[in-house]
Amino acid sequence: MHNSTWKHDNKDLHTALDDMAPSTRLEQMDLSRPLRRKSISVTRVAPLSGVVKVLFSTIKTNISTVPQALTVGIADPLTISNSVLDFTFGGQVRVRKLQKFLDSSTRSGQITDATRRLAWLAWTSLAKIASRKLLVPDAGIGPDGQVLFSWNRNDHHFEIEIFPSGLAEIFYLNFETDEVWEGEYRIGDSFPLEISSKLPLFLIV
Amino acid sequence: MTDNLSCGEKGEPVPAGLVVVRLAKLSMDAEETGRAHESHFTLSTEDQNSELKSLSVWVRALTPPHVAREFMEAKKQDYRLVLNLNVDDIREVNYLPEAPVPPLDVVWDPLDKPDSDGHAGIVGLMRPNNAPKAPYKNLRARLAQLAMTEILPLS
């Protein structure tokens, strides 16, 4: 095990890894033996409390074939798509689309970088409690810099609106029966318990 | 009907049967699904502080989208999404019976600018202080369902 700081800028894990020169990466991670770029493949990524554990296995190498586990401290865990790799391919595409949408909304000044982080944390937290099976939502930007994620399936509508203050409003509506439910929470805190009865309506089938 | 149409007094109901358009920025899936998004029907702080407390729309017969877009000035390139709604449909949007909200309406909101004859507003989306939020989110979601979208070219 080795600890290091991983620098990156708004890139998902695959891209960040690709962009890192192998020699630099290895030096930063203080591996005892150099490995060529082609000899490395990431086989598993497990997000854990802001730390991403990267398990490397070596292939096409005459050095070693024993997988090596590294624990890498993430300078900014929220900008890493720590849910990307756990989704199906189609899900990954949409997760990246969501990430790009938030990034472009930040660049255009519609939302602040802080709000982008809050929104991403809200999404990843929801995806996590839904065991990574939650459909990736549509997203829109409100007039006062809030981010609104929405899910629609049949008569069911669910939304979470993330405000720059860090507060979030949750809303469920059944268009047919007029059943509604609303809740509030602060991003980073626990979700209202009632949410567990709504998320199953929007899981990948 | 539209031959004699002209902008009414501020707050006066827009005649039935007309289509109004709201200009919005593209949501994530708008180009792919053609679906409006709830965020497009959110009152801004500026809207909330305005006299009518209304959501800005344009009567299409008087101010078509490409003309309305010019009023966005420097930001007009961002406003590519056109949300078309029939005035009658807006007025028929259901809301929770127990909610203390008036039904939605579309009223004239004249601007003192050339070519702005079609400016109007959807009223009824403003939540009074301490009123529950759910009925207003309900209205917003239903308006998003109603809207027929089209996308304007970049320029």
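## A tour from the chain A sheet to helix H5 of chain B

Select strand E7 (residues 156-162) and strand E8 (residues 167-174) of chain A: the two run antiparallel and are joined by seven bridges. Strands, like helices, are DSSP runs numbered from the N terminus (H or I, at least four residues, for helices; E, at least two, for strands). Two strands count as paired if DSSP finds at least two bridges between them. To see one bridge, pick Ile162(A), whose partner in E8(A) is Ala168(A).

This is a predicted model, in which local features need pLDDT of at least 70 and side-chain atom pairs count only at pLDDT 80 or more, while totals for chains, interfaces and linings use all residues. Residues are numbered from 1 along each chain as its sequence is written, and chains are lettered from A and ligands numbered from 1 in the order in which they are written.

**The whole sheet.** Widen the selection to the open sheet of five strands in chain A, with the order E5-E6-E7-E8-E9 and antiparallel pairing. Strand E5 (138-141) and strand E9 (180-186) of chain A stand at the edges; each has a single partner strand, so one side of each is left without a neighbour in the sheet. From one strand to the next, the twist averages 15°.

**The helix on the sheet.** Add helix H4 (residues 113-129) of chain A, which packs on the sheet and touches strand E6 (147-153), E7 and E8 of chain A. Contact here requires C-beta atoms, placed from the backbone, to lie within 7 Å. The direction of H4(A) makes about 140° with that of E7(A); axes are lines fitted to C-alpha atoms, for helices over the stretch in contact, and angles run from 0 to 180 degrees between N-to-C directions.

**All of chain A.** Show the full chain to find five helices and nine strands.

**Across to chain B.** Select helix H5 (residues 134-146) of chain B, which has 13 residues. Its buried residues include Tyr136(B), Leu139(B) and Leu143(B); a residue is buried if 20 or more other C-beta atoms, placed from the backbone, lie within 10 Å of its own, exposed if 12 or fewer, and partly exposed in between. What covers the buried residues of H5(B) includes E7, E8 and E9 of chain A together with strand E3 (81-86) of chain B.

**The interface.** Finally, select the 17 residues of chain B that are in contact with 20 residues of chain A. H5(B) gives the most to this side of chain B, with four residues.

Note on methods: Two residues are in contact if their C-beta atoms, placed from the backbone, lie within 7 Å. The expected span of a helix is 1.5 Å times one less than its number of residues.
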